[in-house]
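Me: Here is a structure that I would like to go through slowly. Please take my questions in turn and finish each reply on the value or name I ask for.

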Amino acid sequence: MESQKEARILQEPVARPPGASRSQTPNAKERQEGGPVPAAAALGAEADDDSADGLWELPVEPAKRRPECSRCSRPQKVCLCPFLPAHPLHISTHLYIIQHPAEENKVLRTVPLLAACLPQDKCKVKIGRRFSEERDPELSTVCRKSGTLILYPGAEAANLEEFILDSPVYPSTIIIIDGTWSQAKDIFYKNSLFRHPKQQEDFHLQARKRTLTRTVTMQVQLKTSISSQYVIRMQPTNRCLSTLECAAVALSILEKNNYIQETLLRPLQALCSFQLQHGAQIRLSKEHLLKNGLYPKPMPKNKRKLRKMELLMNSVKI
């Protein structure tokens, strides 16, 4: 009778402590099969359980964020202030940056460098996906002014350099969207503020001796041959520029001062140089990789995305 009782006890499953692994160790398998369990192994398992339970009681220290420079928003050890102008650039144009929320927390963003080079009252950053007259009356008022332009390439966008030569009202404000190309497209087309009905301006045409009504567009684009110097981040095409580069080119055109472009690009060049010296690689555009058979990812199965890839390969603007 005693031997039968011992056999039943050995065959009963051993209770598993909370959090124990379901994988079967040799000792656990022996217990289920009714085999003998060495005393040392049992004591070792209990000791492991006790030590694991003790780990949960240890205090968790929050990760410390590296102290940042108050001007360039970079970590103090890699501060780029030596490459910024000693004083903010003197400009008359007002710049509004519409920043997608996903860009706010990116490490290698260029907008803080841009803002550090310009006066605070001339450069404003607004973060969000959707804007309306109720949510942002200031932006709504700015968009309705005849002297406001929005920099966004498209079929209706005029060349900025040509536009300022023919416009009866010289632009005083320019709006730039900060985000990936898909994010910028989403913001532009889903916010009616950026597509108000075209404003009408009257001017006197001396050749015909009569007053005509001319349509003034507020959508412009940059037609420049410069290549992006933001080489540590992949761009869709060889013609794409970062937000800082777009602002640098646009402001130099509007202010008629090439020194502005040189000054704004200096911290970007320093940023890319530092990253390349510490392990970063030059990122070629997606267009270049596709044309030369170097694109590392498989072609998408989605027809819309595949069509975009084909347009890039054929140098068609998307």
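Me: Leaving out residues up to four places away in sequence, which residues does cysteine 272 touch?

Reply: This is a predicted model, in which local features need a pLDDT (the predictor's confidence in each residue, from 0 to 100) of at least 70 and side-chain atom pairs count only at pLDDT 80 or more, while totals for chains, interfaces and linings use all residues. Residues are numbered from 1 along each chain as its sequence is written, and side-chain values use heavy atoms, with hydrogens and water left out. Taking contact to mean heavy atoms within 4.5 Å, and not counting residues up to four places away in sequence, cysteine 272 touches Gln229, Tyr230, Val231 and Ile232.

Me: Is cysteine 272 buried or exposed?

Reply: Cysteine 272 lies in helix α9, where helices (H or I, at least four residues) and strands (E, at least two) are DSSP runs numbered from the N terminus. Its C-alpha is 9.0 Å from that of isoleucine 282, which is 10 residues away in sequence. Buried means under 20% relative accessible area, exposed over 50%, and partly exposed in between, with a 1.4 Å probe and protein chains only. Because its relative accessible area is 3%, cysteine 272 is buried.

Me: What is the average pLDDT of the chain, and where should I read the model with care?

Reply: Two stretches have a pLDDT below 50, residues 28–34, with nine contacts beyond near neighbours in sequence, and residues 198–217, with 39 such contacts. Over the chain, 70% of the residues score at least 70, and the average pLDDT is 79.

Me: Which element gives the largest share of the largest nonpolar core?

Reply: A nonpolar core is a set of buried Ala, Val, Leu, Ile, Met, Phe, Trp, Tyr and Cys residues joined through side-chain atoms within 4.5 Å, and the largest one here has 43 residues, with Leu95, Leu114, Leu118, Leu160 and Leu264 having the most contacts inside it. Two or more residues come from each of β1 (94–99), α4 (111–117), β3 (148–151), α6 (160–166), β5 (173–178), α8 (243–254) and α9 (258–277). In soluble globular proteins, nonpolar side chains tend to be buried together. The largest share of this core, nine residues, comes from α8.

Me: How many residues are in the second, separate core?

Reply: Before leaving the largest core, one may note that leucine 95 touches Leu114, Leu118, Lys122, Cys123, Lys124, Ile174, Ile176, Ala247 and Leu251, residues up to four places away in sequence not being counted. The second core is separate and includes Ile98, Val142, Phe188 and Leu193, and its residues number 16.

Me: What is the volume of the largest cavity?

Reply: A cavity is a set of points, on a 1 Å grid over the protein atoms alone, where a 1.4 Å probe fits but cannot get out, and lining residues have an atom within 4 Å of a point. Cys72, Ser73, Arg74, Val107, Arg109, Pro112 and Leu113 line the largest cavity. The grid points are joined across faces, edges and corners, and a volume is the space filled by probe spheres set on them. The structure holds one cavity of 30 Å³ or more, and the volume of the largest is about 50 Å³.

Me: Serine 73 has a positive phi, so what is its value?

Reply: Most residues other than glycine have a negative phi. Serine 73 lies in the loop between α3 and β1 and is partly exposed, with a relative accessible area of 28%. Its phi is positive, near 65°.

Me: Which residues does proline 85 touch, residues up to four places away in sequence aside?

Reply: Proline 85 is found in the loop between α3 (39–55) and β1, and counts as buried because its relative accessibility is 10%. Its C-alpha is 8.7 Å from that of alanine 116, 31 residues apart along the chain. Residues up to four places away aside, proline 85 touches Arg71, Cys117 and Thr263.

Me: Which residues is serine 92 in contact with, its neighbours within four places in sequence aside?

Reply: Serine 92 has its place in the loop between α3 and β1. The C-alpha atoms of serine 92 and leucine 254 are separated by 9.1 Å, although their positions lie 162 residues apart along the chain. With neighbours within four places set aside, serine 92 is in contact with Lys122, Ser172 and Glu255.

Notes:
On a 1 Å grid over the protein atoms alone, a cavity is a set of points where a 1.4 Å probe fits but cannot get out, and a pocket is an open set with protein on both sides within 12 Å along at least five of seven lines; lining residues have an atom within 4 Å of a point.
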